[in-house]
Amino acid sequence: MQTIINMECTECHRRNYCTSKNKNKHNERMELQKYCRWCRRHTKHKEIKS
Ligand SMILES: [Zn+2]
């Protein structure tokens, strides 16, 4: 079962991405290195509740 989640930049705290994940496979909070257009570089993004 797929769940929609938002990814937030850990530096500026803006929501830059939304994605879906399988809660059965990834029960823990996801953290990804993604490009933030506000920081204008790659930063760590973490999952937040939508
Ligand atoms: Zn940022």
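Let's start in the middle of the fold: strand S1 and strand S4 (residues 41-48) pair in the antiparallel sense over 4 bridges. Two strands count as paired here if DSSP finds at least two bridges between them. The strands themselves are DSSP runs of E at least two residues long, while helices are runs of H or I of at least four residues, and both are numbered from the N terminus. One place to see the S1 and S4 pairing is Asn 6, which stands opposite Ile 48 in S4.

A word on what you're looking at. This is a predicted model, in which local features need pLDDT of at least 70 and side-chain atom pairs count only at pLDDT 80 or more, while totals for chains, interfaces and linings use all residues. Residues are numbered from 1 along each chain as its sequence is written. The pLDDT is the predictor's confidence in each residue, on a scale from 0 to 100. Across the chain the mean pLDDT is 90, with 96% of residues reaching 70 or more. Confidence is highest in S4, at a mean of 96, and lowest in S2, at 90.

Now for the parts list. The chain has 4 strands and 0 helices, so reading from the N terminus you simply get β-β-β-β. The radius of gyration is 11 Å, close to the 10 Å that the globule rule gives for 50 residues, so the chain is as compact as a globular protein of that length. That radius is taken over C-alpha atoms, and the globule rule is 2.2 Å times the number of residues to the power 0.38. Along the principal axes, the C-alpha atoms fill a box of roughly 35 × 15 × 10 Å.

How do the strands line up? They make an open sheet of 4 strands in the order S2-S1-S4-S3, with antiparallel pairing. S2 and strand S3 (31-36) stand at the edges with a single partner strand each, so one side of each is left without a neighbour in the sheet. On average, neighbouring strands of this sheet are turned by 40° against each other, direction ignored. For that angle, axes are lines fitted to C-alpha atoms (for helices, over the stretch in contact), and angles run from 0 to 180 degrees between N-to-C directions.

Walk along the sheet from the S2 edge. S2 (residues 15-22) runs antiparallel to S1 (residues 2-9), and 7 bridges join them. Two of the pairs across this seam are Thr 3 with Lys 21 and Glu 8 with Arg 15. Gln 2, also in S1, touches Ser 20, Lys 21 and Asn 22, leaving aside residues up to four places away in sequence. Touching, or being in contact, means that the C-beta atoms, placed from the backbone, lie within 7 Å. Gln 2 and Lys 21 are 19 residues apart in sequence, yet their C-alpha atoms are 5.3 Å apart in space. Gln 2 is exposed, with 10 other C-beta atoms within 10 Å. The cut-offs are these: 12 or fewer other C-beta atoms within 10 Å of a residue's own makes it exposed, 20 or more makes it buried, and anything in between is partly exposed, with C-beta atoms placed from the backbone.

The loop between S1 and S2 holds His 13, and the hairpin has 5 residues between its strands. Phi of His 13 is near 60°, a positive value in a residue other than glycine. Most residues other than glycine have a negative phi. His 13 is exposed, with 9 other C-beta atoms within 10 Å.

At the other end of the sheet, S3 and S4 pair in the antiparallel sense over 6 bridges, and Lys 34 stands opposite Thr 43 in S4. These strands form a hairpin with 4 residues between them, and Arg 40 in the turn has a positive phi of about 60°. Arg 40 is exposed too, with 8 other C-beta atoms within 10 Å. Arg 37 lies in the loop between S3 and S4 and is exposed, with 10 other C-beta atoms within 10 Å. From Arg 37 to Arg 14 is 23 residues in sequence and 9.7 Å in space, C-alpha to C-alpha.

Finally, back to the whole chain. Buried residues make up 10% of its 50 residues. Among contacts between residues at least 6 apart in sequence, 42% join residues at least 24 apart.

Terms used
Contact = placed C-beta atoms within 7 Å.
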